[in-house]
Amino acid sequence: MTANPKRWTYDDFEVGMVLDLGSMTVDAGEIVEFAKQFDPQPMHLDRKAGETSVLGGLSAAGFHVGAMMMRLMCDGFLLDSTSQGAPGLDFLHWRKPVLAGDTITLRMTVKAKRESKSRPNLGLVTLGQQLSNQHGEQVCDMQSTVMFLKRNGSQ
Amino acid sequence: MTFEEKLALGRTVELGSHTFTTEEIKAFAHKYDPQPFHVSEEDARKSVLGGLCASGWHTAAMWMRHHVLARPAAEERIRAAGGTPIVFGPARGLDSLEWLSPVYAGDTITFRQTPLSYKAIPGRPGWYMLQSRCEAINQDEKVVMRFMASVMVREG
């Protein structure tokens with residue numbers, strides 16, 4: 001059996017490990033584009049409506065924030081991993097609005113890991129995600145469990 | 001009509017359906033979740049998922065679309081009964097989200113919501129946190145995704 005060439009396999013995660021997954025600046029046009037497709041509410045579609053809402057500006061849809069976190073995870077480590085998908089999220093909590101022009105940064109902490117009982121080539125890793133903005137405020141917390149092949153585990 | 005009656009606790013509402021196409025699955029994935037099994041049929045066939053399937057975030061976002069589009073009908077039902085519709089505030093988050101089965105290209109997914117409970121929010125007079133069970137079901141009646149959502153609501 002050949003060892004998997006990907007950087008991140010189940011074997012490479014250690015509980016307590018912290019990874020900085022990078023940043024992105026949130027574009028107003030993308031906020032509106034996502035909202036038109038998936039969350040057509042005024043505070044996500046229109047700058048004026050956003051400014052007069054409790055969110056205080058044109059704000060990204062909650063699932064847009066989740067999708068952007070997913071993109072940061074992909075570019076930060078997941079695309080160079082043996083990920084086989086995620087069975088779910090323990091939680092996703094929106095703490096503050098993500099506004100057009102904000103720069104968001106994702107940090108990940110490995111919370112737990114265990115081998116799959118039904119598939120000996122796989123393990124499950126629980127990952128905590130903390131998203132912060134350019135003011136250092138926590139805007140979103142998430143915890144998910146992702147399946148990874150082991151270093152010597154084939155598909 | 002009481003606030004509790006307007007919330008319709010325990011009543012499951014069908015929000016609508018959507019058929020996921022190969023093109024939109026790939027377009028969403030290229031932008032937000034470009035893992036091989038969401039962008040390549042061949043890689044997907046070789047993966048645990050067994051075929052090209054939508055990003056879980058795509059399925060969740062599509063639930064949200066149907067929830068928002070179903071609101072006017074819900075408001076109309078309250079008005080028809082002589083009430084003033086409740087007001088939705090920001091969502092606080094979701095808990096225990098499970099992607100139970102892949103959503104494959106060509107699958108038709110129906111979205112449902114069941115409001116379950118509400119409680120006062122300390123320090124926010126008039127506002128309540130409403131908890132709902134949210135589900136997505138495929139054409140074979142299989143639940144493919146479910147989660148609990150928490151959103152702020154108040155009397156209209």
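The following exercises, each with a worked solution, concern a predicted model with chains A and B.

**Exercise 1.** Determine which residues of helix α1 of chain A are buried, and explain why they lie on the same side of α1(A).

*Solution.* Begin by locating the helix, which spans residues 28–38 of chain A, and then pick out its buried residues, which are A:I31, A:F34, A:A35 and A:F38. These residues cover an arc of only 100° around the axis, and therefore they sit on the same side of α1(A). The general background is that an α-helix has 3.6 residues a turn, so residues three or four places apart point the same way. Turning next to the face of α1(A) that points away from the buried side, one finds the exposed residues A:G29 and A:K36. Finally, ask what covers the buried residues of α1(A): the cover includes α2 (42–45) and α4 (62–76) of chain A, and also α5 (56–80) of chain B.

**Exercise 2.** Describe the contact between chains A and B, stating how many residues of each chain take part and which kinds of residue chain A supplies.

*Solution.* As a first step, count the residues on each side: 30 residues of chain A are in contact with 28 residues of chain B. On the side of chain A that touches chain B, α1, α4 and β2 (88–94) each supply at least two residues. Sorting the residues of this side by kind then gives 17 nonpolar, ten polar and three charged.

**Exercise 3.** Work out how strand β2 of chain A pairs with strand β2 of chain B and with strand β5 of chain A, and find the partners of A:L92.

*Solution.* Consider the pairing between chains, in which β2(A) and β2(B), the latter made up of residues 87–99, run antiparallel and are joined by five bridges. Within this pairing, A:L92 has B:L94 as its bridge partner, while A:F91 is partnered by B:D95. Now look within chain A, where β2(A) pairs with β5(A), residues 138–149, in the antiparallel sense over six bridges. Here A:L92 stands opposite A:M142, so that A:L92 has a partner in β2(B) as well as one in β5(A).

**Exercise 4.** Trace the pairing of strands β1, β3 and β4 in chain B, and describe the turn between β3(B) and β4(B).

*Solution.* Start with β1(B), residues 13–19, which pairs with β3(B), residues 108–120, in the antiparallel sense over six bridges, and in which B:G16 stands opposite B:F111. Continue from β3(B) to β4(B), residues 127–137, for these two strands run antiparallel and are joined by ten bridges, with B:Y128 as the bridge partner of B:A120. The last step is the turn: β3(B) and β4(B) form a hairpin with six residues between them, and B:G123 in the turn has a positive phi of about 80°.

Note on methods. Residues are numbered from 1 along each chain as its sequence is written. Chains are lettered from A and ligands numbered from 1 in the order in which they are written. This is a predicted model: local features need pLDDT of at least 70, side-chain atom pairs count only at pLDDT 80 or more; totals for chains, interfaces and linings use all residues. A residue is buried if 20 or more other C-beta atoms lie within 10 Å of its own, exposed if 12 or fewer, and partly exposed in between; C-beta atoms are placed from the backbone. Helices (H or I, at least four residues) and strands (E, at least two) are DSSP runs, numbered from the N terminus. The arc is that of the directions from the helix axis to the C-beta atoms. Two residues are in contact if their C-beta atoms, placed from the backbone, lie within 7 Å. Ala, Val, Leu, Ile, Met, Phe, Trp, Tyr, Cys and Pro count as nonpolar, Asp, Glu, Lys and Arg as charged, and the others, Gly among them, as polar. Two strands pair if DSSP finds at least two bridges between them.
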